[in-house]
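Student: Could you show me how to read a few features of a protein model? I am new to this one.
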Amino acid sequence: MSEATDDSPPIKIRIPRLAGADEAEAAAIAAEVGEASLGVAPEEEMLKSSIFTLDDEEEVAQEELPTPFNTPLAPEPPLEFSEPNLLFATAEPLAFPPAVEKMRMAVICGHPRDGSLCEGLAEAYADAALAAGHPVKLLRLHELNFDPNERGQDLEPDLEAAQEEIRNADHLVFVFPVWWGSVPALLKGFLDRVFRPEFAFREREEGGWDGLLGGRTADLLITMDTPQWLFRTLLGAPAVRAVRDATLGFCGIKRTRTILMGPVRGSTPATRSRWLDEAAHCSRDAEAWHRTGWRPGLLAWKDIARFQFQLFPALAVVLGALTATKLTAAPLHWGALLLALLGVAMAQFISVLTNEWHDLPTDSRNKHHGPFTGGSRVLVEGRMSIPRLLRGRNLALGVLLATMTALCFAGPAQGGPLALLLGLALGLGIGYSAPPLRLASRGLGEITVALTHSVIVLLIGYASQAGSMTNLFPWALSAPLFFGVLPAILLAGLPDLEADVAVGKDTLAVRLGRRTLTKIALALTVTATLLHLALIPFSGWWFTLPLVLHAGWLSRGLLDYLARPHSGRIDGLMFRALAFMLWFVLAPLLG
């Protein structure tokens, strides 16, 4: 990685005006963002080698590759598209060529004895990887000179070298036996000493932690004397969970494959030879399993689709459809309802993919990304190429157009209003981050999302059952829904604030500051609750009471944050706000 020199040209960053922020908050944001103005930012070098990675089967010339930005930290001008149709647009060519390299592997044998079966498995794995062209480093822990007891002491030279190998590796392999349901003391001591704070993880000031080894994959080759079915079912695979979840997962390594071998006691030479062949096969298969095959591709699509945000719009569509059948006294037309749900899902999927592409400059700088904010990280981590994303988006557009056509002929559905509403949802979803609208950069993104996830989706379900648009009831039903969605949408901008400032994305969080935005979210929480009590009296006290109690719980969290506003993740507060939204659908739906 190249470093900026004294004569490197400074990168100028525009700090948008923080109208609602006090001077201390504005200075803190400017100081954090200003760190990048000393020269070429480290993130840029990272992006050159990791983001724009093509899949093996894709043969695309460099000049044909789209990219949403050309690496400046200053606010980017709108992208120049080579085609007038935004849905099928291709951006400017890359400023640097993509590079696909062999996975760098670190194989760690955790057996404390020389000449063990685990050592043979580790050697078979390493030899097969070397034969496949992968750079490999084999670490035999019993050969390292270190104290396995963590006392806060400095690392020995062997452990410093091991840290460097792990830091440079794309793929980690741990080979160890199960002793007393856990890992050997030597491997446990190695993990205690090497996986230290600021190397493997970092604690956040606001609480929680960040894994620092993300982007890597891992294989666990585990031997045991216990029958595998007993180890998995009755014992719950404690050694696997300790290494895979409590250690590697905690440190950011989320994709781990586990291979169990046993029982070792009483095994024949032929069985052991088969295990050695299996270790070699796992090594040859590692790149396809973790990086280029159908499994990582499918997982990337699952992650980028962000299914956790599909439930609420779907429930709102169902609420709208049932409202229409209640008002018209007509039976529910399942075909029209399912088509409406598919249309909303495709519109949201297209919007998410578009946002992932155009928000890549922001997401790549975001230090506070989490399960609810900062994007899916699929493009940032190089798990999907932009050409593949665009092909998937265009396929989803085809499905949406076919769905809209089918709705025109499906039972009682009103083709005209449905096409208009689905088109409006699609247009606003794309315009959230894509030019020429770029609503999120104009302070209109939050209202847009609240509108599409409340009024529009409810009316789509309503129109699918031939509900009359002149009836005021569905509009009144969607009013508390709209205000109930807004607090979560507003709060989602707080963890992203510094990254948005760095790229000149003028969201409401940037415009108003943390304190003012939190006050608005608190007022909207109260407003949504009062509107529900006034307009939806039929939901019943068994749903209204939990809604009111949840509103108090969310308000308590907002007041706590207002007393101590801070940068960083707010996962707990985001969970309260997202769960609060559900009551405005569930209460009238089930009440």
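Tutor: Gladly! Keep in mind that this is a predicted model. Let us begin at the surface, where Val526, Leu530, Leu533 and Val548 form a nonpolar patch with about 310 Å² of accessible area together.

Student: Which helix gives the largest share of the nonpolar patch?

Tutor: Helix α18 (residues 508-535) does, with three residues. Leu533 lies in this helix.

Student: Is Leu533 buried, partly exposed or exposed?

Tutor: The general idea is that a residue is partly exposed between 20% and 50% relative accessible area. Leu533 has 38%, so it counts as partly exposed.

Student: How many salt bridges are there in the whole structure?

Tutor: A search finds 26. In general, we look for a side-chain nitrogen of Lys or Arg within 4 Å of a carboxyl oxygen of Asp or Glu. The side chains of Lys188 and Asp192 make one such pair, at 2.9 Å from N to O. Both lie in helix α5 (residues 185-194), four residues apart, about one turn of the helix.

Student: What does the salt bridge between Asp225 and Arg265 tie together?

Tutor: Their side chains meet at 3.9 Å, N to O. Asp225 lies in the loop between β6 (217-223) and α6 (228-233), and Arg265 in the loop between β7 (255-261) and α8 (269-292), so the pair ties together parts that are 40 residues apart in sequence. Asp225 is partly exposed at 41% relative accessibility, while Arg265 is exposed at 68%.

Student: Which residues are linked in a network of salt bridges?

Tutor: Glu150, Glu156, Arg193 and Arg196 are linked in this way.

Technical notes: Residues are numbered from 1 along each chain as its sequence is written. This is a predicted model: local features need pLDDT of at least 70, side-chain atom pairs count only at pLDDT 80 or more; totals for chains, interfaces and linings use all residues. Side-chain values use heavy atoms; hydrogens and water are left out. Patches are made of residues with over 30% relative accessible area and no salt bridge: like charges are joined within 9 Å, nonpolar side chains (Val, Leu, Ile, Met, Phe, Trp, Tyr) within 5 Å. Accessible areas come from the Shrake-Rupley method with a 1.4 Å probe; for residues, only the protein chains shown count as cover. Helices (H or I, at least four residues) and strands (E, at least two) are DSSP runs, numbered from the N terminus. Buried means under 20% relative accessible area, exposed over 50%, partly exposed in between (1.4 Å probe, protein chains only).
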